[in-house]
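Hi,

Here is the structure I promised to pass on. Have a look at it first, and then read my notes underneath.

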Amino acid sequence: MATSAPIRRHHHITLCAGGAQEDYDFHTKVLSLKSVKKTALYDGEVPIYHFYYGNDLGEESTLVTTFPMRQSGRKARKGTGQIRTLGLSVPISALGFWRKRLTKAGFEVREASRFGERAIQFQHPCGLEYELVGIADDDRKPYSNGEVPSELAIRGTHAIVVSAREHETSNEFMTEGWSAKRIAEDGRFVRYVFGDGSGAHTGKIVDFALEPELPQASWTYGEGIVHHCAFQVDDHAAQDQVKFRLEGMGFTDTSERKDRGYFDSIYVRTPAGALFEATVSKPGGMTVDEKVDQLGTSFQVPPPFRHRTKELMEYLEPLNF
């Protein structure tokens with residue numbers, strides 16, 4: 001049954017990255033996430049890879065997905081009106097390990113703190129902003145067969161940071177339309193969480209950064225920006241509740257339900273400009289087209305391209321995995 005607070009937590013975040021091999025190596029070798037799914041973007045006529053990275057089963061809130069855009073030649077502009085940072089959760093005792101690992105791999109690492117949480121910041125090779133945030137009580141199971149020992153490994157998403165010019169309309173959207181609670185401020189940051197506001201919040205956080213001095217970011221597909229963040233809802237009834245509530249607030253461009261193969265989605269452009277998605281996982285999740293022990297081992301042709309499989313495979317850049 002739908003509830004008055006249908007948004008549960010992050011489901012996945014989707015990034016417009018650079019080269020396919022560069023992106024794959026960064027997530028699987030440097031960050032030691034599992035390649036859960038290799039497929040292609042469902043929208044449009046020109047094929048673009050869609051990679052999923054996460055834990056052993058690709059469970060909700062462990063998923064980072066990417067569209068490697070370099071092959072298309074499309075570049076994006078960073079700025080306000082967009083998600084600007086992806087925060088991932090690691091054990092707080094692992095921050096030193098990750099700082100050394102990233103530095104050894106050639107990444108420039110900065111230490112940071114927000115809302116009392118220690119983090120290290122670095123960039124994806126294409127310039128996307130990442131944080132690893134030290135969390136003491138994250139019981140999500142990490143990828144178990146990666147190079148990084150499980151006791152040090154990434155647990156899943158922690159927070160996203162949305163860059164906004166102003167905040168008043170976003171506050172209404174988040175609390176009334178997206179069933180979040182505003183719990184804290186830290187300088188130019190405002191924090192929202194999902195659930196009852198108590199206990200561990202990791203994987204349930206949206207931070208807004210007030211940055212009116214920045215130019216407007218791109219909204220289209222293009223290398224170097226976050227495309228959207230998806231949030232988990234329980235079922236289609238809860239998803240419908242989100243849509244009806246948004247439309248009642250005046251967000252009448254909230255999308256119809258779209259079948260994404262592994263989940264069903266609706267999308268809305270938030271007042272700040274960031275694209276949000278309310279997502280219902282399908283029974284079986286990532287295993288609808290691959291067995292558990294074969295997840296991510298072969299390319300899955302998406303239904304919109306089934307009649308063009310040969311053309312698709314000849315067009316997409318080769319990937320060594």
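**What I found**

Let's start with one pair of residues: Q82 has S163 as its bridge partner in β9. Before going on, a word on the basis: this is a predicted model, where local features need pLDDT of at least 70 and side-chain atom pairs count only at pLDDT 80 or more, while totals for chains, interfaces and linings use all residues. Residues are numbered from 1 along each chain as its sequence is written, and side-chain values use heavy atoms, with hydrogens and water left out.

**Around β9**

The Q82 bridge belongs to a longer pairing: strand β5 (residues 82-91) runs antiparallel to β9 over seven bridges. Strands here are DSSP runs of E with at least two residues, helices are runs of H or I with at least four, and both are numbered from the N terminus. Two strands count as paired if DSSP finds at least two bridges between them. β9 also pairs with strand β12 (residues 205-210), this time in parallel, through six bridges. There, V162 has F208 as its bridge partner in β12.

How covered is strand β9 (residues 156-164)? Nine of its nine residues are buried. By buried I mean under 20% relative accessible area; exposed is over 50%, and partly exposed is in between (1.4 Å probe, protein chains only).

**The whole chain**

Stepping back, the protein chain has five helices and 16 strands. Its radius of gyration is 19 Å, close to the 20 Å that the globule rule gives for 321 residues, so the chain is as compact as a globular protein of that length. (That radius is taken over C-alpha atoms, and the rule is 2.2 Å times the number of residues to the power 0.38.) The C-alpha trace spans about 50 × 45 × 40 Å along its principal axes. Of the 321 residues, 57% are buried.

Contacts, meaning heavy atoms within 4.5 Å, often link distant parts of the sequence: of those with a separation of 6 or more, 69% are between residues 24 or more positions apart.

The largest nonpolar core has 67 residues, and L31, Y130, M174, W178 and F276 have the most contacts inside it. Such a core is a set of buried Ala, Val, Leu, Ile, Met, Phe, Trp, Tyr and Cys residues joined through side-chain atoms within 4.5 Å. Leaving out residues up to four places away in sequence, M174 touches S179, A180, Y192, F194, V206, F208 and F276. You'll recognise F208 as the bridge partner of V162.

**Helix α2**

Which residues of helix α2 (residues 95-104) are buried? They are L95, W98, R101 and L102. Seen down the axis of α2, these fall within an arc of 125 degrees, so they line one face of the helix. The arc is that of the directions from the helix axis to the C-beta atoms. K100 and K104, on the other side of α2, are exposed. The cover over the buried residues of α2 includes α1, β5, β7 and β8 (129-135). Just after the helix, G106 takes a positive phi of about 95 degrees.

**H50, S35 and K38**

H50 sits in strand β3 (residues 49-54) and counts as buried because its relative accessibility is 9%. Its side chain makes a polar contact with the side chain of T65 at 2.7 Å. A polar contact is a pair of N or O atoms within 3.5 Å; within protein, one must be able to donate a hydrogen and the other to accept it, and residues adjacent in sequence count only if both atoms are side-chain atoms. H50 and K38 are twelve residues apart along the chain, with their C-alpha atoms 6.2 Å apart.

K38 has a polar contact too, a 2.8 Å one between its side chain and that of S35. S35 lies in strand β2 and is buried, with a relative accessible area of 10%.

**Two positive phi values**

S32 has a phi near 55 degrees, positive although the residue is not glycine. It is found in the loop between α1 (20-30) and β2 (34-40), and S32 counts as buried at 5% relative accessibility. F115, also not a glycine, has a positive phi of about 50 degrees. Its place is in the loop between β6 (110-114) and β7 (117-123), and F115 is buried at 19%.
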